[in-house]
Amino acid sequence: MEKSDRVGSASGGKDYRPMWKELGLNLEAHDQLLNVLGQAYKDIYMKQENRPKGMQYLDFVISEAHGLRIEELMETKKKGNKVVGTFCVYVPEELILAVGGTCVGLCAGAEIGIDEAEKVLPRNTCALIKSFMGFKLAGLCPYIQASDLVVGETTCDGKKKAYEILNDYKETYVMEIPQMKTERDRTLWRGEIVQFKEKVEQLTGRKITVENLRQGIKIANDKRLALQRLSRLRKATPPPISGLDALLVNQIAFYDDPLRFTKSVNDLCDELEDRIKKGIGVIKNGTPRILVSGSPMAVPNWKVPYIIETSGAIVVAEESCVGERSTRDLIKEDGNTLDEMIDAITDRYMKIDCACFTPNVERTDHILELVKEFKADGVVHYSIQFCTPYTVEAHKVEKALQQKGIPMLKIETDYGMEDMGQLKTRIEAFLEMVRK
Ligand code: BJ8
């Protein structure tokens with residue numbers, strides 16, 4: 001496997017342009033996108049020192065994110081399997097995996113196609129929503145083009161209204177997510193899962209059975225177990241892997257082949273265990289350890305961790321859907337009937353503590369637990385600008401941390417680079433305070 005500093009196969013290697021053309025991408029704009037991302041990856045990732053060797057696999061995956069991986073998706077589609085695109089960790093991928101389908105996270109982490117997005121969305125919409133709309137309208141996301149169905153969810157208002165518009169351009173099935181966690185909400189959510197199961201069966205023409213669902217649950221659980229293992233290893237002092245690299249692993253979890261990915265993460269963890277035994281870390285002891293908490297960071301949203309890690313600190317965990325929130329709960333594997341398995345899936349997904357829920361004390365409790373477990377010296381609370389759920393919830397998080405004497409920095413930003421200098425100044429000042 002070749003080490004690479006490209007993203008998406010913009011240059012060199014195989015020519016994927018005929019495939020991209022067939023998928024209906026805007027080739028010129030897509031080339032520009034890959035060049036920009038390739039440069040950003042080189043500057044942010046390839047300049048890190050003392051990276052684990054196992055990261056070469058992740059470098060390769062990212063370099064082929066728009067190339068080889070899309071080719072694999074097209075191959076599996078030729079065999080009659082379906083590809084389902086998602087934007088949220090509430091979509092139960094086990095049901096898609098059960099019938100030989102592939103679940104992929106769709107592009108939503110870059111300031112791209114904003115002009116197109118703002119033709120259909122208000123300007124003060126969160127960057128993640130504008131990004132997925134922009135990627136679609138500007139013809140830049142091969143994943144959405146390759147998807148047979150997009151699955152949305154009624155989490156925040158911005159997303160659920162944007163899906164109505166997205167549906168004009170790509171069939172978007174929406175799952176209703178409850179807003180609270182009472183027994184009535186569980187019943188609603190269970191009904192949604194049953195209905196989604198029927199949708200998946202209708203899409204694929206294949207029945208979900210006890211046997212294939214058991215297999216789907218196992219594949220998704222094994223992936224989460226590998227990511228949990230990676231997370232545990234970051235508790236070491238000094239941590240054997242940077243926060244940026246660990247974030248990348250969690251980001252790639254959303255679109256790589258799950259079996260291959262799980263094996264690669266476990267191989268990486270073997271190497272990290274060995275590093276810990278030998279006392280090899282990516283930083284010196286005494287470097288401030290930071291927990292990043294809040295909105296998810298989709299590829300290539302590396303801005304905040306990059307600033308933290310180039311300002312003399314290390315990110316030891318992400319309390320985020322691209323991180324702990326999507327990996328910490330497993331599905332019970334002991335169900336013997338479809339009903340029992342649907343119950344287990346329902347219960348697992350009801351535990352996710354997205355800020356779209358009210359009240360959401362589980363999240364603040366979890367943040368306090370993470371600070372303790374990871375020996376974090378401070379918390380950077382990150383919310384995407386115009387994200388009401390996380391921006392408002394930051395107040396409760398700050399109060400809970402204050403009561404325990406844990407410093408927190410509140411950051412609200414978008415995907416642009418204009419505020420890099422200002423953010424760096426604020427983060428450096430925060431780290432200075434944390435060190436005292
Ligand atoms: S389970 S965090 S992935 S909804 S940042 S679009 S909330 S305005 S991404 Fe999320 Fe699912 Fe929740 Fe996780 Fe809205 Fe906020 Fe934008 Fe957001």
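Of the 16 residues around the ligand, which come nearest? They are Cys126, Cys156, Cys321, Cys354 and Cys387. The model analysed here is predicted. By class, the shell around the ligand holds 13 nonpolar, one polar and two charged residues.

One of these cysteines also has a computed distance to a loop residue. Asparagine 124 sits in the loop between H6 and helix H7 (127-137). The C-alpha atoms of asparagine 124 and cysteine 387 are 9.5 Å apart, although 263 residues separate them along the chain. Asparagine 124 counts as exposed because its relative accessibility is 52% and the cut-off is over 50%.

Helix H6 (residues 114-120) contains valine 120. The relative accessible area of valine 120 is 27%, so this residue is partly exposed. Beyond residues up to four places away in sequence, valine 120 touches Met133, Leu137, Ile165 and Tyr169. A separation of 63 residues in sequence lies between valine 120 and tyrosine 57. In space, their C-alpha atoms are 38 Å apart.

Tyrosine 57 is one of the buried residues of H3. This helix is mostly covered, with eight of its nine residues buried. The buried set consists of Met55, Tyr57, Leu58, Asp59, Phe60, Val61, Ile62 and Ser63. These residues pack against H2, H4, helix H12 (243-252) and helix H13 (258-278).

Helix H4 (residues 68-78), one of these partners, carries arginine 69. Arginine 69 counts as buried because its relative accessibility is 7%, against a cut-off of under 20%. The side chain of arginine 69 reaches the backbone oxygen of tyrosine 255 at 2.6 Å. Tyr255 also appears among the contacts of arginine 69 when neighbours within four places in sequence are left aside. The other residues in that list are Glu64, Thr102, Tyr143, Asp256, Asp257 and Arg260.

A second buried arginine lies in helix H11, at position 224. Its relative accessible area is 5%, so arginine 224 is buried. The side chain of arginine 224 makes a polar contact with the side chain of glutamate 94, at 2.7 Å. With neighbours within four places in sequence set aside, the contacts of arginine 224 are Glu94, Ser326, Thr327, Asp329, Leu330, Ile331, Arg348 and Tyr349.

Arg348 and Tyr349 are among the buried residues of H16. The others are Met341, Ile342, Ala344, Ile345, Thr346 and Met350. What covers the buried residues of H16 includes helix H5 (93-98), helix H10 (183-204), helix H11 (210-233) and helix H15 (324-327). Helix H16 (residues 338-350) has 13 residues. At 1.5 Å a residue, the expected span is 18 Å. The end C-alpha atoms are 18 Å apart, so the model agrees with that expectation.

Aromatic rings were also paired. The count comes to 11 aromatic pairs. One of them joins tyrosine 45 and tryptophan 302 in an edge-to-face arrangement. Their centres are 5.0 Å apart, with 75° between the planes. This pair links distant parts of the chain, 257 residues apart. Tyrosine 45 is in the loop between helix H2 (27-44) and helix H3 (55-63). Tryptophan 302 is in the loop between strand E5 (289-294) and helix H14 (303-309). Tyrosine 45 is buried because its relative accessible area is 0%. Tryptophan 302, at 2%, is therefore buried as well.

A tilted pair is formed by tyrosine 90 and phenylalanine 357. Their ring centres are 6.0 Å apart, and the pair counts as tilted because the planes meet at 40°. This pair too links distant parts of the chain, 267 residues apart. Tyrosine 90 lies in the loop between strand E1 (83-86) and H5. Phenylalanine 357 lies in the loop between H16 and helix H17 (361-373). Both tyrosine 90 and phenylalanine 357 are buried. Elsewhere, Tyr41, Tyr45 and Trp302 form one aromatic cluster.

Terms used. Residues are numbered from 1 along each chain as its sequence is written. This is a predicted model: local features need pLDDT of at least 70, side-chain atom pairs count only at pLDDT 80 or more; totals for chains, interfaces and linings use all residues. Side-chain values use heavy atoms; hydrogens and water are left out. Helices (H or I, at least four residues) and strands (E, at least two) are DSSP runs, numbered from the N terminus. The expected span of a helix is 1.5 Å times one less than its number of residues. Buried means under 20% relative accessible area, exposed over 50%, partly exposed in between (1.4 Å probe, protein chains only). Contact means heavy atoms within 4.5 Å. A residue is near a molecule or strand if one of its heavy atoms lies within 4 Å of it. Ala, Val, Leu, Ile, Met, Phe, Trp, Tyr, Cys and Pro count as nonpolar, Asp, Glu, Lys and Arg as charged, and the others, Gly among them, as polar. A polar contact is a pair of N or O atoms within 3.5 Å; within protein, one must be able to donate a hydrogen and the other to accept it, and residues adjacent in sequence count only if both atoms are side-chain atoms. Rings of Phe, Tyr and Trp (its six-membered ring) pair if their centres lie within 6.5 Å; planes under 30 degrees apart count as stacked, over 60 as edge-to-face and the rest as tilted.
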